[in-house]
Amino acid sequence: MTGGDTHWSGAIAQDVQFGYLTEAAPGPRKYHPRMVLNTTDSQVLRILKEEIRRCRSFTFSVAFVSPSALAMLKTDFLEFRGKGRIITSDYLAFNSPQAFSELMALGKRGMDVRIHKASAFHPKGYIFEHDESVSAMVGSANLTASALVRNHEWNLLVSSAKTGDLAVQLRDLIRRQIQESSPITQEWVDGYAASYLPPPQRPQPSLPAFSPPEPGLDGEPADDFERIDGEEWLQSTSTGGASGSEVSSEGQPSSSRGATGGTSTQVEAPLLLPNRMQRHALREVEKLRRSGERRAIIISATGTGKTILSALCVKAANTSRMLFVVHREQIVDKTIQEYQRVLGGAPTDYVKLSGSQRNASARYVFATVQTLAKPEVLGSFDASAFDYIVIDEAHRAAAAGHRRVIDYFTPKFLVGMTATPERMDGFNVFELFDFNVAYEIRLNEALEADMLAPFHYYGITDVTFDDGSTTSDLTDLRLLTSAARVDHVLKALETYAQAGVPPRGLIFASRLEEASALSDELNRRSLHGRPLRTVALTGSHSVHRREAAVRELESGHLDYIVTVDVFNEGVDIPSVNQVVMLRQTQSAIVFVQQLGRGLRKSHGKDYLVVIDFIGNYANNYMIPIALFGDESLNKESLRRNLIAAEERGAIAGLSSVQFDRIAHGRVLSAVSAVKLDSMRHLKSALQEMRNRVGRIPDLWDFVRFDSVDPVVLGTASENFPNLLSKALKVQWSLTPQQLRALTLLSGEVLTAKRPHDAALVQFLLQRTSATVNEIHDHLSAQGFPTTPRTAQSAVDTLTLAQHAEADINRYKMPLALDEDGTVRLADHVVRGYESNSEFRHAVDDLLKTARHIVAERFRGDRVFTVGRQYGRKEVARLLTWPRKWTPTIYGYRVDGPTSVCPIFVTLHKSEEISASTAYEDAIVDQRTMVWFTRSRRTLQSAEVASIVANDVDIHVFVKKDDAEGTDFYYLGQATASAAEQTTMPGKDGGPLPVVRMLLNFRHDIPSSLYDYFHPIVTRT
């Protein structure tokens, strides 16, 4: 047996002992039996992705397969270089024809896809063959999206050596499964589709009707109903009798024919139950209206039911007359139909006011702003004609026509609705609606609530031209529309778009000429053997031409509309099942707007496919900002979100994000290169927050609106008031001493990763002075783990005692003085806090924010929190070491008095560092790390002996490389084992003594953190 075989055999033997005999046994924790559940830290999908990327062959034997589940794994299947096999059946007709079409497409790319002959086929097993082992996951999870990421599933993952009995049984099972099944053929798929009858849906529980909140009702209604099957409304109930109406299968009242013709018979409104978003928003709107407010705005992602919500608001207000203002005439008819579903009444109660119709005496008037804003039309109404006005797409209200309408009327209540209140021109939408945000639900929240169609995003590398280049900001138009690029686009559409589903897609190009040329070239090509049918639309085309193109797309007479930004907003095409992005991401807002064009739910649409062609664009960093709604301006937040989404496989709801290897690297490189905390980005964030809150923003505003990281804002320009002065030209009455005090608070208290420092400042502001013992007792009484050393360390933060000379010079003067054990705030701090309201407000804002950040981000019962970042200075603070030790900690430091050794590891060393420090540290698995001491150390060295004997508490901090900054992620406490004396090459090539050992973590490194440092996505 070779040395490698011996090592592997020992590893599985250790894990067998750990898994079946005693959890105290050492081992790599790689082959032990594991329960696989859908939890916050891991999911069934993640385990499948991990095993696929590690194995050399796999066999899935599953009764039920959904197209969405296959979409979640598509990149893994496409990049797999071994033998893959999926065995399923037509049992209970659960698998749709689309699922078999997707399987057939995988079969054409080399996967062995088979139909089992059993009449009642019901397995849920996943087998993975590795070089030296076999692993199998067996349990309750079928190959469906819900089972992979959301459902309550029980699965057991077990491993065996290739020579073990379990491996023999699994290989025999695979052999018999193959014998009892046949490869899927296109003929079989076509025959199945021709005779397919979907299984009947399970009946839904009966739900109570919705009643608007009663006046004075402040409590939230009980959660006794939920959204069903993705509809904007939950349940309809016939009111009974001859005058009642039912909701038809298309969702329209069966006895109503619209507002402009048909019968004038009174129509009772069906009882529509709001979805969760609508219910919460309705309650908040009613609270504002009843409290005397005159205006409010609702911010809600496209497709979440804003129109129905506004109708419910009108119904709750029991308004006498209502005006609904839209910016495009083609929206009006559908809006009227939606209102009739909610309000009922006679068709004559509803009127459309447009260029061709001017009858405005009805109870509910629906008008285009272009018509209504005309002086002769506007003047025909009394200013108080409507007691309730709804402004659709309220972010457009900066336009002259909108402002003329809004300024003219005096309704009792004005409500605006928008998905994107942010504007590039500086207009403050929030101010227009008196800064009353009644409700806000953004894209990721709506996806989590299953209010939108899930999407599967594929970030793929754009074409490589003959000279080895790819698309960039400067690529010539001829290359963008060249045969090579069109071939590349078509190959991607064939690979990533839904198989067996006719395309209804929007293609977003970078410029008008490109859109037109691409459409012409695509129309000369075929997709899946069918000639492509596309059209290019630009802003120069008439509304009539655009509407005609949309109708052709929805009817299936067009495959794609190619455009630049015509369809960014204001167009409702629910059947769109593809969004193709052939341009760089210029704005996270535009990205979300274009993505949103395909997120509306529609009958027969399982999910949206998003194909993003990623070239060498500097703006690639905006992709994770847009996908995850991450406005923190924190690079580490973006990186971790990106890696975690890729490795777990799923993001909000049942959506997924997948990149090919090169595209993934381009996005991460763009994140590393961009200066997120530039003044341009900070100024934009501050301006947006000032617009939202209607005043100079506080740090706390960014906390409550989950926006930019307050630590970034508070330290970007020494202190927050300084930043506001530079970015927003705010003038302060703060003295130089007060500004220096705020700089110290920002650099030492806001950044603290424990609550003691902020609590001490608050304590001294109340008391002016206190002894160290009193401080210790106060911090302990607050519930913070406190020792005398901790209390003194917090005091040192304010007095700058034991700090490095650079910090003392930076802050100029301490915040407090320690006089023989009595600590008191400096006189300039006390006087400023008592006499200057601006200084007092800035201090209180900072302390409130600091306390919240610590409580939200860090565990109160541990010195360090796994997964959070720490710099060497912060580690010294938390270990109660002198801050001036920071420059001397380097890779690790053993401290006898505190019996602690923090270890700092940079996994990818810079090419510029000397050979004597180029250690080959590596994370082996979620429990183990290989670590090297400093060079010129032996097992007899005092510091090494303490570590090897585990005489000190070892805390491990890791970062990928120096390009990621000075902070390290905390992986946890560890014990040392398997220490051995070895050598490493010095700069002259000669050997240097060094000690190599394993660091065994007490607890598994969280999956997302492990994925970040050990990404299998980059497998070649």
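Start with α5 and α8: they are roughly antiparallel to each other, therefore trace them in opposite directions. (Angles over 145 degrees count as roughly antiparallel, under 35 as roughly parallel, 65 to 115 as roughly perpendicular and the rest as oblique.) Select residues 97-108 for α5 and 186-195 for α8; the two helices pack at about 170°, with axes 10 Å apart. Axes are lines fitted to C-alpha atoms, for helices over the stretch in contact, and angles run from 0 to 180 degrees between N-to-C directions. Helices (H or I, at least four residues) and strands (E, at least two) are DSSP runs, numbered from the N terminus.

This is a predicted model: local features need pLDDT of at least 70, side-chain atom pairs count only at pLDDT 80 or more, and totals for chains, interfaces and linings use all residues. Residues are numbered from 1 along each chain as its sequence is written, and side-chain values use heavy atoms, with hydrogens and water left out.

Now show side chains at the α5/α8 contact (heavy atoms within 4.5 Å). From α5, pick Pro97, Phe100, Ser101, Met104 and Lys108. From α8, pick Gln186, Trp188, Val189, Tyr192 and Ala193. By class, this contact holds seven nonpolar, two polar and one charged residues. Ala, Val, Leu, Ile, Met, Phe, Trp, Tyr, Cys and Pro count as nonpolar, Asp, Glu, Lys and Arg as charged, and the others, Gly among them, as polar.

**Next stop: the cavities**

How many cavities of 30 Å³ or more does a search of the whole structure find? Five. On a 1 Å grid over the protein atoms alone, a cavity is a set of points where a 1.4 Å probe fits but cannot get out; lining residues have an atom within 4 Å of a point. Grid points are joined across faces, edges and corners, and a volume is the space filled by probe spheres set on the points.

Go to the largest cavity, with a volume of about 70 Å³. Select its lining: Lys30, Tyr31, His32, Arg34, Glu51, Arg54, His130, Ser133, Ser135, Leu157 and Ser159. Three elements give two or more residues each: α2 (44-54), β6 (133-139) and β7 (155-161). The lining divides into two nonpolar, five polar and four charged residues.

**Next stop: the seven-stranded sheet**

Colour the strands in the order β11-β12-β10-β13-β14-β9-β15. This is an open sheet with parallel pairing. (Two strands pair if DSSP finds at least two bridges between them.) At the edges sit β11 (350-353) and β15 (437-441), each pairing on one side only. Neighbouring strands are turned by 15° against each other on average, direction ignored.

Zoom in on β11 and β12 (residues 364-368), which run parallel and are joined by four bridges. Click Leu353; its bridge partner in β12 is Ala367.

**Last stop: three strands and two helices**

Select the open sheet β25-β27-β26, whose pairing is antiparallel. Its edge strands are β25 (769-771) and β26 (816-819). Here the average turn between neighbouring strands is 20°, direction ignored.

Three bridges join β25 to β27 (residues 822-825). Thr771 has Thr822 as its bridge partner in β27. On the other pairing, β26 and β27 share four bridges, and Glu819 stands opposite Thr822. What lies between β26 and β27 in their hairpin? Two residues; Asp820 in the turn has a positive phi of about 55°.

Add α30, which lies across β25 and β27 and runs at about 115° to β25. Then add α32 (residues 788-799): α30 (residues 756-767) packs with α32 at about 70°, their axes 9 Å apart. That makes α30 roughly perpendicular to α32. Show His756, Asp757, Leu760, Val761 and Leu764 of α30 against Thr790, Ala794, Val795, Thr797 and Leu798 of α32. This contact has six nonpolar, three polar and one charged residues.

Technical notes: 1 Å grid on protein atoms, 1.4 Å probe; cavity = no way out; pocket = protein on both sides within 12 Å on 5 of 7 lines; lining within 4 Å.
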